[in-house]
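Q: Please take a close look at one part of this model, namely whatever enclosed empty space a search may bring out. Please set that part in the context of the elements around it.

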Amino acid sequence: MLGLIITLPVLMNLSHFSARSAEVVALENVYLSWAMVFGSMMILDSAASCYFGATGNTRLIFRASLAGQLVSMPMTYLLVFGYYGFPELGMAGSAIGTALGSLTVLLVYLIHTPQALRMAALNEVKALLGKSRKAVRVVSLFKRGLPLGAHDSADEIGNTAILWAISIIGATALAANNFNVILNYIGIIPVIGIANGATILASQAIGQNQHERIVKIAASSLLVALSYVAVVTVLLQTFDREITSFFSLGQYGPDIFELSISVTSYIWCYAVAFAVSFIASGLLQSFQQNTFVFKTRIVTMWCGSVPLAYLIAYNWSVKDGALEMIWISLSTFELGLGVLFAIRLSACIRDQHTQGVTTTTAQ
């Protein structure tokens, strides 16, 4: 949270470096001004989610996330457009809706957090503020979490950079891509839940010295995730025009409508690649491989997918299939990332098996 407060002035000025109009930059700054509010709550939400995940209470995580979505979606809609007596706040309404959703998630977690844990967390905060903790001990708290947090941050910044690359292609590509991103979320968000569940199960197996279960957990998780992606892909490919028409995309012009349908044909590629990479990276975190995950993601995204997206944006147009090429390149790099994670995971499992055999032999 302190980091958000410190970096807020930087965030507020990042958009000035783009080539977008002053009106767009002003809207971005309005949203970013709320980033510290809902970003701080998201940090607490993530910490609570990790705690309940470690205890195996994944149903509470699901209920908290569902409650947050049930508040965020309608409140964002109402506050952006000012329906049913709510104020019309535009971009600020979108940010406030997100903040209300994050606050709802936090309240659900707080209600179910044991009193002893709440007191322990409060005492820890007091100790940090009172400087009764040595600097070395404070830094050690971030040793494992920093790479994972940096991984997520770098991933989000990279995705934003790719959106900026798509905006270079033109407004038609950007509008069509916004809709395709929504469809992509339908394919990958449940995969994130499956990966988180696999991470919890793998961590428990490692803690119980049952490393032989890791392979079964990985295989079953990947099977479930790919099965879901297959079902979604069949639906999207079969009813692509019906789904696109349902969201009234046609009213924005035939070019956006047809481009969105064209890109829909490639969404499954990214969903499959994402399932492989995200499940493998989650299992690697069980083996405390956060630093490897972070470094690999950084190199792959910032030396591969992001530069290639800009190369495509500057050299090809919508008619040349630039947006489709960007989705294909993203899928390729994501799959390559998954393969690297899978190789590393196999090495970790093999090392644990070798250590187990050596220990048994010694006894």
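A: A cavity here is a set of grid points where a 1.4 Å probe fits but cannot get out, and its volume is the space filled by probe spheres set on those points. Rolling a probe the size of a water molecule over the atoms shows where empty space is left. The model examined is a predicted one.

Searching the whole structure yields one cavity of 30 Å³ or more. The largest cavity holds about 50 Å³ of space. Its lining consists of G187, V229, V232, T233, L236, Q237, T264, I267, W268 and A271. Two or more of these residues come from each of the helices α10 (213-238) and α12 (254-286). Helix α10 supplies the largest share of the lining, with five residues. In chemical class, six of the lining residues are nonpolar and four are polar, while none is charged.

Helix α10 therefore deserves a closer description, as it gives the largest share of the lining. Its 26 residues should span 38 Å at 1.5 Å a residue, and the distance of 38 Å between its end C-alpha atoms agrees with that expectation. The buried residues of α10 are I214, I217, A218, S221, A225, V229, V232, T233 and L236. Among them, V229, V232, T233 and L236 also belong to the cavity lining. An α-helix has 3.6 residues a turn, so residues three or four places apart point the same way.

Another position in α10 is S221. Why does S221 count as buried? Its relative accessible area is 8%, and the cut-off for buried is under 20%, so S221 falls in that class. Leaving aside residues up to four places away in sequence, S221 touches I194, A198 and I279.

The other main contributor to the lining is α12 (254-286). What follows α12 is a loop leading to α13 (290-315), and Q288 lies in that loop. Although Q288 is not a glycine, it has a positive phi of about 60°. With a relative accessible area of 53%, Q288 is exposed.

A further spatial relation concerns C269 and I328, whose C-alpha atoms are 7.3 Å apart although 59 residues separate the two in sequence. I328 belongs to helix α14 (residues 322-362). Its relative accessible area of 38% makes I328 partly exposed.

Helix α4 may be set beside α10. Residues 58-81 form α4, and its 24 residues reach 35 Å from the first C-alpha to the last, close to the 34 Å expected at 1.5 Å a residue. Several residues of α4 are buried, including L60, I61, A64, G68, S72 and M75. Just after this helix, G82 takes a positive phi of about 70°.

As to the wider setting, the protein has 14 helices and zero strands. Of its 363 residues, 37% count as buried. Where contacts join residues at least 6 apart in sequence, 73% of them link residues at least 24 apart. The protein exposes about 20500 Å², of which carbon and sulfur atoms supply 69%.

Notes:
Residues are numbered from 1 along each chain as its sequence is written. This is a predicted model: local features need pLDDT of at least 70, side-chain atom pairs count only at pLDDT 80 or more; totals for chains, interfaces and linings use all residues. Side-chain values use heavy atoms; hydrogens and water are left out. On a 1 Å grid over the protein atoms alone, a cavity is a set of points where a 1.4 Å probe fits but cannot get out, and a pocket is an open set with protein on both sides within 12 Å along at least five of seven lines; lining residues have an atom within 4 Å of a point. Helices (H or I, at least four residues) and strands (E, at least two) are DSSP runs, numbered from the N terminus. Ala, Val, Leu, Ile, Met, Phe, Trp, Tyr, Cys and Pro count as nonpolar, Asp, Glu, Lys and Arg as charged, and the others, Gly among them, as polar. The expected span of a helix is 1.5 Å times one less than its number of residues. Buried means under 20% relative accessible area, exposed over 50%, partly exposed in between (1.4 Å probe, protein chains only). Contact means heavy atoms within 4.5 Å. Accessible areas come from the Shrake-Rupley method with a 1.4 Å probe; for residues, only the protein chains shown count as cover.
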